[in-house]
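Here are my notes from a look through this one. Have the structure open while you read, and tell me if you would put any of it another way.

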Amino acid sequence: MNGPAAGARRGPFISFEGGDGVGKSTQISRLAARLRENGQEVVTTREPGGSPGAEAIRALLVSGPSDRWSPMAEALLMFAARADHLEKTVNPARARGAAVLSDRFADSSMAYQGIAGALGEDQVAALHRLVVGEDGPDLTIILDAPIEIGLGRAGARGGNNRFEAKGPAYQEKVRQAFLEIAAREPGRCVVIDAARDADAIEADIVRAVQQRLGLG
Ligand SMILES: Nc1ncnc2c1ncn2[C@@H]1O[C@H](COP(=O)(O)OP(=O)(O)O)[C@@H](O)[C@H]1O
Ligand SMILES: [Mg+2]
């Protein structure tokens, strides 16, 4: 059976956004542990990826030279992965009442490809309506830090991919783009100062999740 149990509420969907190294993965595992301690089923996932089909597409997106894909081709691959991720992972988990925590979601497309990138916001918004519709996150945690901090942490971790390779000016535009998205949708987005220690960031995230979703 795929539908929700009788009377079960659709599980909450929380996305984590921000540049590389701001602490998304760290904070997702902390919040997941906390919610599980409270008896909440949690599914942690990531984009691009999060389902077998989307992970196969991810391999095409993150490897190779930074000019491997045209802006439109890249966005279509991102949204193809997102469609599969929603169909196979996110929506089924929520239908059984699980909370879904995603490391990046559609705001990354709007920030990287739409606002900071060459595709433009209107094109990304059109793809968003088509693919995501009403199935987007209830709450989006935007982890914000000066790009040197994120790049320093990500560098220490050894991460390097096509997006990190686009340089600091682009990364700064991406940071501003996330802040702009948050300003446009304050009901969904919370900006958290991620230049602090992980415990302080976690405390703010827990407060936001409690206040906005009544969870944890
Ligand atoms: N608040 C923090 N202060 C210092 N280092 C951190 C903090 N949060 C995470 N880190 C470390 O920085 C690196 C990047 O964190 P990570 O959670 O992987 O970021 P992201 O998923 O956003 O790229 C990791 O090595 C992690 O242990
Ligand atoms: Mg990560």
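The points below deal with one strand and its partners, then with the ligand site.

1. Keep in mind that this is a predicted model.

2. I'd start with strand E1, residues 13-17. Five of its five residues are buried, so the strand is largely enclosed by the rest of the structure.

3. The side chains of E1 split between two directions: Phe13, Ser15 and Glu17 point one way, while Ile14 and Phe16 point the other way. Note that Ser15 and Glu17 are buried along with the rest of them.

4. What does E1 pair with? One partner is strand E3, residues 99-103, which runs parallel to E1 and is joined to it by four bridges. Within that pairing, Ile14 has Leu101 of E3 as its bridge partner.

5. Strand E4, residues 139-144, is another partner of E1, again parallel and again with four bridges. Here Phe16 is matched with Ile141 of E4.

6. Now the ligand. Ligand 1 has 14 residues around it, and the closest are Gly23, Lys24, Ser25, Thr26 and Arg153. Helices H1 (24-37), H6 (147-157) and H8 (198-213) are the elements that each give two or more residues to this shell.

7. Which helix gives the largest share of the shell around ligand 1? That would be H6, with four residues.

8. If you are thinking about the chemistry around ligand 1, the shell is mixed: five residues are nonpolar, four are polar and five are charged.

Methods. Residues are numbered from 1 along each chain as its sequence is written. Chains are lettered from A and ligands numbered from 1 in the order in which they are written. This is a predicted model: local features need pLDDT of at least 70, side-chain atom pairs count only at pLDDT 80 or more; totals for chains, interfaces and linings use all residues. A residue is buried if 20 or more other C-beta atoms lie within 10 Å of its own, exposed if 12 or fewer, and partly exposed in between; C-beta atoms are placed from the backbone. Two strands pair if DSSP finds at least two bridges between them. A residue is near a molecule or strand if its C-beta atom, placed from the backbone, lies within 6 Å of it. Ala, Val, Leu, Ile, Met, Phe, Trp, Tyr, Cys and Pro count as nonpolar, Asp, Glu, Lys and Arg as charged, and the others, Gly among them, as polar.
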